[in-house]
Protein chains: 2
Amino acid sequence: MDKKELKKRELTESMKTYILENGLAKSSLRNLAKASDTSDRMLLHYFQDKEELMTDVLQAITQDLIQLLKANETGTWPLKTLIPYLSQMMKEPVIKPYLNLWLELMAEASKKEEPYYSAARDIASSFKNFYKEVLMVEPGQSKEHMDAFALVLVEGMVMMDALDFDDDIRNALGGLNELGEN
Amino acid sequence: MDKKELKKRELTESMKTYILENGLAKSSLRNLAKASDTSDRMLLHYFQDKEELMTDVLQAITQDLIQLLKANETGTWPLKTLIPYLSQMMKEPVIKPYLNLWLELMAEASKKEEPYYSAARDIASSFKNFYKEVLMVEPGQSKEHMDAFALVLVEGMVMMDALDFDDDIRNALGGLNELGEN
DNA sequence: AATTTTATGTAGCGGTTGCTACATGTATAA
DNA sequence: TTATACATGTAGCAACCGCTACATAAAATT
């Protein structure tokens with residue numbers, strides 16, 4: 001492998017950590033450089049510009065997140081088990097940084113700002129694949145429909161979690177159960 | 001009424017428009033001033049600092065949004081009617097700027113950044129009140145639960161809408177129907 | 001009419017941002 | 001060994017940011 005490519009991956013690794021801990025807004029070249037024990041000058045030596053750099057790092061973060069999701073994958077679950085489980089998982093300190101970044105990414109994505117829009121769409125697609133693999137569906141329900149339903153529901157919970165609207169997350173879980181049993 | 005207070009409201013009005021059209025990121029004092037046909041110097045004459053200014057404008061925007069929601073209020077609706085209706089409403093050009101701003105606000109809120117965190121919580125509370133007034137619940141369902149459920153579901157749809165995941169919104173609506181009828 | 005308060009302009013400070021020009025050392029290839 | 005490519009440092013630019021000091025004109029109050 002190219003020596004330059006190797007260095008890029010090493011840099012990407014440390015920048016990943018910084019971005020997850022500090023968010024996009026604080027991720028200036030100078031800050032990212034400091035976190036990687038180098039200079040902004042060097043970052044722009046290895047990456048053409050900030051956009052290429054962010055594209056690479058966000059892609060790496062996406063891969064990590066997918067790994068994280070797959071790691072806890074143990075078979076398939078019905079909606080009423082999966083959703084409460086995920087709402088609990090959102091509270092995990094390992095997950096929280098990803099959720100914060102996810103929301104920041106969404107804000108950029110809603111303005112169709114690149115490379116954020118593409119990165120956000122990639123991540124959302126990974127979420128969809130996750131449900132595709134892990135969600136068990138009841139007779140009379142379309143798998144495709146319920147996958148999308150789970151996706152939307154969990155995204156909504158992520159938002160409420162960011163506002164510390166924990167009661168509403170709990171209540172919504174209650175609502176989900178009442179919906180399925182009439 | 002105070003003459004100064006009157007001028008503040010006039011400025012707030014033009015800044016509202018600018019922020020809705022351009023987002024928080026571009027809302028520097030200089031840009032807001034230009035949009036209000038004045039100078040940053042004058043904005044800081046009428047408002048103590050940028051935080052006070054943003055608090056005022058965001059509050060005004062929140063009020064507008066509440067008005068918008070209430071305007072289309074005609075009685076109460078069951079979940080399966082209300083949610084599809086709202087998912088359509090999200091496509092309205094009048095609404096879109098509010099949704100973009102909402103996501104940008106959420107990104108700040110997730111970092112507990114003031115005044116954005118408070119503003120976002122206020123807006124979310126208004127949403128809750130909206131469902132409280134407009135959502136009709138079926139026997140065996142808790143009103144409180146279903147209000148929160150609607151809130152979460154629609155927020156999730158706002159996110160998917162920002163990514164242009166229209167298929168998934170449609171599919172999720174399908175899923176919602178299948179859930180209620182088994 | 002004199003005095004005090006308010007409105008507004010001009011200019012700038014100290015900070016951040018992405019990025020670049022220019023230099024020099026250091027490793028690799030001929 | 002010499003020539004060429006790569007690595008890295010130093011310094012700075014031009015554009016922003018929120019905010020302030022200083023001045024003056026206009027308006028309101030006494």
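A residue counts as near a molecule or strand if one of its heavy atoms lies within 4 Å of it. With that in mind, welcome to a predicted model in which 16 residues surround DNA strand D, with Arg41(A), His45(A), Ser28(B), Leu29(B) and Lys50(B) coming nearest. Chains A and B also meet each other, burying about 4600 Å² between them, and chain A is assigned two domains, domain 1 (1-47) and domain 2 (65-179). Here is a tour of these three meeting places.

**Around DNA strand D**

- Both protein chains take part, since the nearest residues include Arg41(A) and His45(A) on one side of the list and Ser28(B), Leu29(B) and Lys50(B) on the other.
- Of the atoms of DNA strand D that come within 4 Å of the protein, 43% belong to sugar and phosphate.
- Lys50(B) reaches the backbone of the strand: one of its polar side-chain atoms lies 2.7 Å from a phosphate oxygen.
- Asp40(B) is placed at a base instead, with a polar side-chain atom 2.9 Å from a base nitrogen of DNA strand D.
- Arg30(A) also meets a base, where an N or O atom of its side chain is 3.5 Å from a base oxygen of DNA strand D.
- The elements that contribute two or more residues to this surface are α3 (40-46) of chain A and, from chain B, α2 (29-35) and α3 (40-46).
- Among the contributors, α3(A) has the largest share, with four residues.
- By class, the surface near DNA strand D holds eight charged, four polar and four nonpolar residues.

**Between the two domains of chain A**

- The C-alpha centres of domain 1 and domain 2 of chain A lie 29 Å apart.
- Where these domains of chain A touch, five residues of domain 1 are in contact with six residues of domain 2.
- The two domains of chain A bury about 500 Å² between them, and carbon and sulfur atoms give 76% of that area.
- Three residues, Ile19(A), Leu20(A) and Leu24(A), supply 88% of what domain 1 of chain A buries against domain 2 of chain A, more than any other three residues.
- The side of domain 1 of chain A that touches domain 2 of chain A has four nonpolar residues, one polar residue and no charged ones.
- Zero salt bridges are counted between domain 1 and domain 2 of chain A, while two residue pairs there are in polar contact, both at pLDDT 80 or more.

**Between chains A and B**

- The contact involves 49 residues of chain B and 49 residues of chain A.
- Carbon and sulfur atoms give 65% of the area of about 4600 Å² buried between chain B and chain A.
- Six salt bridges are found across the interface of chain B and chain A.
- One salt bridge joins the side chains of Lys111(B) and Glu104(A), at 3.4 Å from N to O.
- The interface of chain B and chain A also has 16 residue pairs in polar contact, with both residues at pLDDT 80 or more.
- On the side of chain B that touches chain A, the elements giving two or more residues are α6 (96-109), α7 (116-134), α8 (143-162) and α9 (166-179).
- Of these, α8(B) provides the largest share of that side, 14 residues.
- Sorted by class, the side of chain B that touches chain A has 25 nonpolar, 13 polar and eleven charged residues.

Methods: Residues are numbered from 1 along each chain as its sequence is written. Chains are lettered from A and ligands numbered from 1 in the order in which they are written. This is a predicted model: local features need pLDDT of at least 70, side-chain atom pairs count only at pLDDT 80 or more; totals for chains, interfaces and linings use all residues. Side-chain values use heavy atoms; hydrogens and water are left out. A polar contact is a pair of N or O atoms within 3.5 Å; within protein, one must be able to donate a hydrogen and the other to accept it, and residues adjacent in sequence count only if both atoms are side-chain atoms. Ala, Val, Leu, Ile, Met, Phe, Trp, Tyr, Cys and Pro count as nonpolar, Asp, Glu, Lys and Arg as charged, and the others, Gly among them, as polar. Domain bounds come from an automatic or database domain assignment. Contact means heavy atoms within 4.5 Å. Buried area is the accessible area (1.4 Å probe) that two parts lose on being put together, summed over both. A salt bridge is a side-chain nitrogen of Lys or Arg within 4 Å of a carboxyl oxygen of Asp or Glu.
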